[in-house]
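Colleague: I would like a close look at a single helix and the space beside it. Please keep it brisk.

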Amino acid sequence: MLAQVGEGDVLAVSCFWHSLVAVDGHDRPLTPVLTWRNVAGEPPPLDAKDYHRRTGCFLHPAYWPAKLVRLAAEGVDAARYLSFGDYLLLQLTGEARTSISTATGTGLYDPNALDWDDETLAALDLDRNRLPPVSDEAVAGVWPALGDGACSNVGTGCVTAGRAAVMVGTSAAVRVVRTERTVEPRPGLFLYRVDDERFCEGGALSDGGNLHAWLVRTLADVDTAQIEDRPPAAHGVRFLPFLGGERSLGWDPQRRGAIEGLSFATTAADIAQAAIEGVCYQLADVLDAIGGVTSVVATGGGLLANPGWLQVLADVLGRPVEVSGVAEGSARGAAVLALERLGLRVPDAPIARVVEPRPDRHEIHLQVRQEQQRDTNAYVNSDA
């Protein structure tokens with residue numbers, strides 16, 4: 001996302017957090033843009049808990065380490081590696097630089113030490129000079145690209161540990177912003193940076209708006225906008241939403257989705273409803289893992305365009321859901337961060353409306369969600 005700040009004086013950019021482009025010595029791309037969806041490859045042999053403690057990331061192929069191992073095995077001889085946002089800055093200004101926020105999403109950076117993680121670089125046999133310099137300073141009027149998730153939180157006004165952004169775009173995520181001097185990464189949750197003063201903590205799902213698109217493409221005559229009028233979980237179907245593998249909270253890229261409870265009476269609408277509910281259950285699990293949240297703001301095109309999904313989310317969470325009045329939270333967030341750096345005050349992010357939970361439905365969802373958690377735990381503890 002690009003945001004012009006002022007009368008063309010500054011260009012602010014938000015970009016995919018984990019994107020990667022390999023370039024040659026003339027800064028020509030050697031690969032397409034690799035995103036979190038490119039999950040081929042295995043990470044280097046590092047201790048998973050120590051790695052998470054140092055980097056706030058996971059040994060999951062959504063991050064750079066697994067991608068770099070795969071590119072090396074394929075014989076890609078890169079002079080250096082950039083995020084897509086870094087590459088865009090290079091094209092606009094002639095200088096490659098990455099922001100603190102973007103660096104923390106690579107899986108190569110320590111968000112507490114504010115430096116590249118030497119142990120991970122050593123495991124990859126990767127020299128620092130093959131990575132861009134890390135700086136939040138503007139280059140020729142263009143700020144280095146920031147992580148899209150961090151920008152989304154800032155753009156929707158979710159800038160404290162108690163106010164969570166629940167986002168459904170292509171994927172889905174729950175994120176909060178923390179302002180402590182140091183933060184210890186917690187089990188199942190990523191820990192990135194907004195800037196040198198603020199952390200962004202949360203969890204991400206690989207299934208969100210892309211799952212909705214799959215439902216529409218695969219099932220006949222499905223209208224999820226009307227899902228709020230259907231009895232909660234009355235279909236008897238359980239849908240585990242891992243079509244894109246698992247990120248939070250288990251971070252298992254090999255995990256796959258499952259549908260349980262099908263019968264001859266099951267309809268396409270039942271399956272679609274179970275899928276939407278399943279995503280909401282996963283989001284609720286992430287919210288519980290974060291803890292201490294007192295308010296929730298819904299954002300992202302998948303939620304903002306679907307009132308039925310918003311109502312189900314409120315019912316599952318059992319709390320009011322504030323609906324963001326910002327159409328493009330990441331773009332606004334990039335602009336807000338640039339304006340803050342210029343010393344300018346920005347109005348609070350607008351809220352369009354509030355969706356209230358229905359207590360009777362929450363109780364039903366709570367029971368079904370507990371059953372789904374047992375299924376998830378059984379999978380984690382199995383030999384599968």
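Modeller: What follows takes helix H8, then the cavity it helps to line. This is a predicted model, where local features need pLDDT of at least 70, side-chain atom pairs count only at pLDDT 80 or more, and totals for chains, interfaces and linings use all residues. Residues are numbered from 1 along each chain as its sequence is written, and side-chain values use heavy atoms, without hydrogens and water.

H8 covers residues 268-290. Helices (H or I, at least four residues) and strands (E, at least two) are DSSP runs, numbered from the N terminus. The end C-alpha atoms of H8 lie 34 Å apart. That agrees with the 33 Å expected for 23 residues at 1.5 Å a residue, the span being 1.5 Å times one less than the number of residues. Of these 23 residues, 19 are buried, so H8 is largely enclosed by the rest of the structure. Buried means under 20% relative accessible area with a 1.4 Å probe, protein chains only. After H8 comes Gly291, with a positive phi near 70 degrees.

Now the largest cavity. On a 1 Å grid over the protein atoms alone, a cavity is a set of points where a 1.4 Å probe fits but cannot get out; lining residues have an atom within 4 Å of a point. The largest cavity holds about 40 Å³ of space, a volume being the space filled by probe spheres set on the points, joined across faces, edges and corners. H8 gives the largest share of its lining, four residues. Strand E12 (238-240) and helix H12 (359-381) each supply at least two. Among the lining residues are Ala274, Glu277, Gly278 and Tyr281.

Note on methods
Buried < 20%, exposed > 50% of the residue type's maximum accessible area, 1.4 Å probe, protein only. 1 Å grid on protein atoms, 1.4 Å probe; cavity = no way out; pocket = protein on both sides within 12 Å on 5 of 7 lines; lining within 4 Å.
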